[in-house]
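This report works through one protein chain. It begins at a single residue and widens to the fold.

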Amino acid sequence: MSVTHTEVTATLDPCGASDHPDCGIRDMLDRVGDTWTVMVVTELGASERRFLELQRAIDGISQRMLTLTLRRLERDGLVSRTVYPTVPAQVSYALTDSGARLTHLIKALADWSLAERAAIADARQRYDDTHPGHVIR
């Protein structure tokens, strides 16, 4: 038995319709759709972390980008920041309940990408074979 496209497609309300001008997806995709946010949330999903622990765990992230990402996530209520009264001050970061719920969506996306990896690679190869000279990567 085959599954049709409509059987696997989720029902989504279209954004931009006159009665539904902005469904909020753009705003949140700006935040949760970037690589660094996904990496920070993934790391914090395992446990509370200090800044340097996060920086060491996330390959390629600069101090500035980690700082900006954490501030944005804190502003959005996805991460909490705790300052301990030590000398020097120690700061740790943890997911809030809302941030913890985001881990389920990230896991679903990761699972989907692993399941679809071969099909996507095949589709890319077919496209590249039928469109020589188009450099899309």
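Thr-69 lies in helix α5. Helices (H or I, at least four residues) and strands (E, at least two) are DSSP runs, numbered from the N terminus. The model is predicted: local features need pLDDT of at least 70, side-chain atom pairs count only at pLDDT 80 or more, and totals for chains, interfaces and linings use all residues. Residues are numbered from 1 along each chain as its sequence is written, and side-chain values use heavy atoms, with hydrogens and water left out.

**Three residues and their burial**

Buried means under 20% relative accessible area, exposed means over 50%, and partly exposed lies in between (1.4 Å probe, protein chains only). Three residues illustrate the scale.

| Residue | Place | Relative accessibility | Class |
|---|---|---|---|
| Thr-69 | helix α5 | 3% | buried |
| Glu-43 | helix α3 | 18% | buried |
| Asp-76 | loop between α5 and β2 | 30% | partly exposed |

What does the side chain of Thr-69 reach at 2.8 Å? It is the backbone oxygen of Met-65. This is a polar contact, a pair of N or O atoms within 3.5 Å; within protein, one must be able to donate a hydrogen and the other to accept it, and residues adjacent in sequence count only if both atoms are side-chain atoms. Leaving aside neighbours within four places in sequence, Thr-69 is in contact (heavy atoms within 4.5 Å) with Trp-36, Thr-37 and Val-40.

Glu-43 counts as buried because its relative accessibility is 18%, and the cut-off is under 20%. Its side chain makes a polar contact with the side chain of Arg-49 at 2.8 Å. Beyond four places in sequence, Glu-43 touches Arg-49, Leu-54, Ala-57 and Ile-58.

Asp-76 sits in the loop between α5 and β2. Asp-76 and Met-28 are 48 residues apart in sequence, yet their C-alpha atoms are 9.2 Å apart in space.

**The core**

In soluble globular proteins, nonpolar side chains tend to be buried together. A nonpolar core here is a set of buried Ala, Val, Leu, Ile, Met, Phe, Trp, Tyr and Cys residues joined through side-chain atoms within 4.5 Å. The largest one has 17 residues; Val-40, Leu-44, Leu-66, Leu-70, Val-79 and Tyr-93 touch the most other members. Two or more residues come from each of α3, α4 (51–57), α5 (63–75), β3 and α6 (97–130). Val-40 touches Ile-58, Leu-66, Thr-69, Leu-70 and Leu-73, not counting residues up to four places away in sequence.

**The sheet**

Which order do the strands take in the sheet? The open sheet of 3 strands runs β1-β3-β2, with antiparallel pairing. Strands pair if DSSP finds at least two bridges between them. The edge strands, β1 (49–50) and β2 (79–84), each pair on one side only. Helix α3 (residues 35–46) packs on the sheet and touches β1, β2 and β3. The direction of α3 makes about 95° with that of β3 (axes are lines fitted to C-alpha atoms, for helices over the stretch in contact; angles run from 0 to 180 degrees between N-to-C directions).

β2 and β3 form a hairpin with 5 residues between them. 6 bridges join β2 to β3 (residues 90–95). Arg-81 has Tyr-93 as its bridge partner, and Thr-82 stands opposite Ser-92.

**The whole chain**

The chain holds 6 helices and 3 strands. Their order from the N terminus is α-α-α-β-α-α-β-β-α. Of its 137 residues, 18% count as buried.
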